[in-house]
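The exercises below ask the reader to work through a model by hand, with a solution set out step by step after each task.

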Amino acid sequence: MERGEYLVVMGLCLLITLPLELLLGARVWRRPRRLLVAMAPLVLAYSIWDIAMIAAGSWSYSEEKLTGILLPFEMPLEELVFFIVVPICGLLTLEAVGNVLTALGRLRAGEPVGRVLRDLPHGGGPRPAPAASTEEKVA
């Protein structure tokens with residue numbers, strides 16, 4: 001790796017997971033307040049831990065792989081970016097898998113494929129409820 005490539009890798013992680021938002025309706029980027037509430041404690045805790053480990057001499061970094069930009073307490077910029085990007089990619093994956101599983105449940109319940117696919121990238125509001133089973137419809 002060359003200088004700055006670590007940030008390029010983090011950008012690629014976001015780019016690779018973007019289809020989960022756009023095609024599978026993960027709705028992570030579309031709910032920025034919720035994302036901030038979920039991320040803030042995590043980023044703060046990891047940053048404190050990282051700063052403590054840097055101060056204790058437990059962490060070291062390869063200078064040629066970093067940009068050289070240091071945040072307060074000698075924390076490399078790439079560390080903060082990592083603490084933000086990786087959890088966002090995880091949230092995108094979690095939400096997309098949930099949407100796919102919901103869609104599969106709806107298909108198993110007998111909903112038409114077209115309707116399920118149309119609803120998959122559902123952008124706002126609550127997720128559509130799974131269709132009632134045929135036994136519930138008869139009762």
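A salt bridge is counted here when a side-chain nitrogen of Lys or Arg lies within 4 Å of a carboxyl oxygen of Asp or Glu. The model is predicted, with local features needing pLDDT of at least 70 and side-chain atom pairs counting only at pLDDT 80 or more, whereas totals for chains, interfaces and linings use all residues. Residues are numbered from 1 along each chain as its sequence is written, and side-chain values use heavy atoms, with hydrogens and water left out.

**Exercise 1. Salt bridges**

Task: starting from Arg106, trace the salt bridge made by its side chain and establish which residues are joined into one network.

Solution. Step one is the pair itself: the side chains of Arg106 and Glu111 meet in a salt bridge, with 2.8 Å from N to O. Step two is the burial of both partners, where buried means under 20% relative accessible area, exposed over 50%, and partly exposed in between (1.4 Å probe, protein chains only); Arg106 and Glu111 are both buried. Step three follows Glu111 onward to Arg115, with which Glu111 forms a salt bridge whose closest N and O atoms are 3.7 Å apart. Arg115 is partly exposed, because its relative accessible area is 38%. Salt bridges that share partners thus join Arg106, Glu111 and Arg115 into one network. The structure holds four salt bridges, and another one of them links Arg30 to Glu21, at 3.0 Å from N to O.

**Exercise 2. The setting of Glu21**

Task: decide whether Glu21 is buried or exposed, and list its contacts beyond four places in sequence.

Solution. Begin with the secondary structure, in which helices (H or I, at least four residues) and strands (E, at least two) are DSSP runs numbered from the N terminus; Glu21 is found in helix α1. Glu21 counts as buried because its relative accessible area is 2%, whereas its salt-bridge partner Arg30 counts as partly exposed because its value is 36%. For contacts (heavy atoms within 4.5 Å), once the neighbours within four places in sequence are left aside, Glu21 is in contact with Ala26, Arg27, Val28, Trp29, Arg30 and Leu92.

**Exercise 3. A charge without a partner**

Task: find how far Asp50 is from the nearest side chain of opposite charge.

Solution. Asp50 has its place in helix α2. Taking Lys and Arg as positive and Asp and Glu as negative, with His and the chain ends not counted, the nearest side chain of opposite charge is that of Lys65, 16 Å away. Asp50 is thus buried yet has no salt bridge. Its contacts, leaving aside neighbours within four places in sequence, are with Trp59, Tyr61, Met75, Glu79 and Phe83.

**Exercise 4. Nonpolar residues inside and outside**

Task: identify the residues of the largest nonpolar core and those of a nonpolar patch on the surface.

Solution. A nonpolar core is a set of buried Ala, Val, Leu, Ile, Met, Phe, Trp, Tyr and Cys residues joined through side-chain atoms within 4.5 Å. The largest one has nine residues, namely Leu20, Ala26, Val28, Leu35, Met39, Val43, Ile88, Leu92 and Ala96. The elements giving two or more residues to this core are α2 (32–56) and α3 (77–108). Within the core, Leu35 touches Val28 and Ile88, and it also touches Trp29 and Leu91, residues up to four places away in sequence not being counted.

For the surface, patches are made of residues with over 30% relative accessible area and no salt bridge, like charges being joined within 9 Å and nonpolar side chains (Val, Leu, Ile, Met, Phe, Trp, Tyr) within 5 Å. Val8, Leu12, Leu15, Ile16, Leu18, Leu22, Leu23 and Trp29 form such a nonpolar patch, with about 800 Å² of accessible area together, an area from the Shrake-Rupley method with a 1.4 Å probe, for which only the protein chains shown count as cover of residues. Leu15, one of its members, lies in helix α1 and is exposed because its relative accessible area is 54%.

**Exercise 5. Positive phi angles**

Task: determine where Phe73 and Glu74 lie, and state phi for each.

Solution. Phe73 lies in the loop between β1 (70–71) and β2 (75–76), and Glu74 has its place in the loop between β1 and β2. Phi of Phe73 is near 65°, a positive value in a residue other than glycine, and phi of Glu74 is likewise near 65°. Phe73 is exposed because its relative accessible area is 63%, and Glu74 is exposed because its value is 52%.
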